[in-house]
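Let's go through a few labels and ask what earns each of them.

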Amino acid sequence: MKRLTLVAALLAVAFVAAVEPPPFDIHKKAVTPEEKAQRKAYFEKRFLEHTGGRILRPGTRKGTVYYINCQKRAQADWLEESRDYMAGYSKFNVAIKDGEFDLAAPKVEGNASLFVVDDEKLPPILVAPESRWAIVNVAPLAKDAKPAFFEARVKKALTRGFCFLCGASNSQFPRALTGGVTGPADLDKFPDYRLPVDIEKRMASYMEPFGVTPAVMATYRQACKEGWAPAPANDYQKQVAEAIAKEKAETLKGPKSPRKIVFDPKKGE
């Protein structure tokens, strides 16, 4: 529904622009920054004139995810920039407040909390999904990092921490085991421990940098053709290996009746 509304709004803007041509060449590909700004302002104005702008639908955007700032090493405006980005991206209510973090008994604010801490003993990111909290630890991010790199690391880690906290690993299929689980009793709602197919592909690409790759299967016939098949383990494989070996031997011999090449002086061949 949201996509249809957006498409309708864009079509309306395009129609208005077609009826009343814009004060610039819409077919011009190379434009200056000033021209880009002019185009953006023009279409925003047309969109507002036609639609009145976007307003929040009542009953949506419920709950709040909090950034709990428990440290002083990373600047507050870095967290604010991250908060603004994640709020726009997720369309969630995202707020920031100062607080403290107790690993033994974290005090969750709102519906979920992303604690930003500075602790030499903790890992860069720690997530407790059922307990609705996660931490981003700036201490390890600061090691061997220049100021600009430290800032970038913090902002990137905040994005990762927010995604892990808010279930970015969830499946596109409903009622997946990777979905929201608020406590042990919620596990009883799932029929078994199995996962949908889309999670498999995500795990494969995610674990590759850690040196873990999935098995890739092939038929014994294909392995024989490619030359990496192990010795036959049974009569079936032995028959396949002999058949492929015979095919390769016949290919090396060449055709039984080679085509004769005759020079034709008329054609110059």
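Q: How many salt bridges does the count come to?

A: Eleven, bearing in mind that this is a predicted model.

Q: What makes Glu 81 and Lys 155 a salt bridge?

A: Their side chains meet at 2.8 Å, N to O, and the cut-off is within 4 Å, so the pair qualifies. Glu 81 sits in helix α3 (residues 76–90) and Lys 155 in helix α4 (residues 147–165), so the bridge ties together parts that are 74 residues apart in sequence.

Q: Why is Glu 81 called partly exposed?

A: Its relative accessibility is 46%. Buried means under 20% and exposed over 50%, so Glu 81 falls in between.

Q: How do you know that Lys 97 and Glu 109 pair up too?

A: The N to O distance is 3.7 Å, and the rule asks for within 4 Å, so this one counts as a salt bridge. Lys 97 is in strand β2 (residues 94–98), while Glu 109 is in the loop between β2 and β3 (112–117), so the link joins parts twelve residues apart in sequence.

Q: Why is Phe 210 called exposed?

A: Phe 210 has a relative accessible area of 58%, and exposed means over 50%, so the label fits. You'll find Phe 210 in the loop between α5 (197–207) and α6 (220–226).

Q: Which residues form a nonpolar patch on the surface with Phe 210?

A: Phe 164, Tyr 206 and Val 212 join Phe 210 there, with about 400 Å² of accessible area together.

Terms used
Residues are numbered from 1 along each chain as its sequence is written. This is a predicted model: local features need pLDDT of at least 70, side-chain atom pairs count only at pLDDT 80 or more; totals for chains, interfaces and linings use all residues. Side-chain values use heavy atoms; hydrogens and water are left out. Patches are made of residues with over 30% relative accessible area and no salt bridge: like charges are joined within 9 Å, nonpolar side chains (Val, Leu, Ile, Met, Phe, Trp, Tyr) within 5 Å. Accessible areas come from the Shrake-Rupley method with a 1.4 Å probe; for residues, only the protein chains shown count as cover. Helices (H or I, at least four residues) and strands (E, at least two) are DSSP runs, numbered from the N terminus. Buried means under 20% relative accessible area, exposed over 50%, partly exposed in between (1.4 Å probe, protein chains only).
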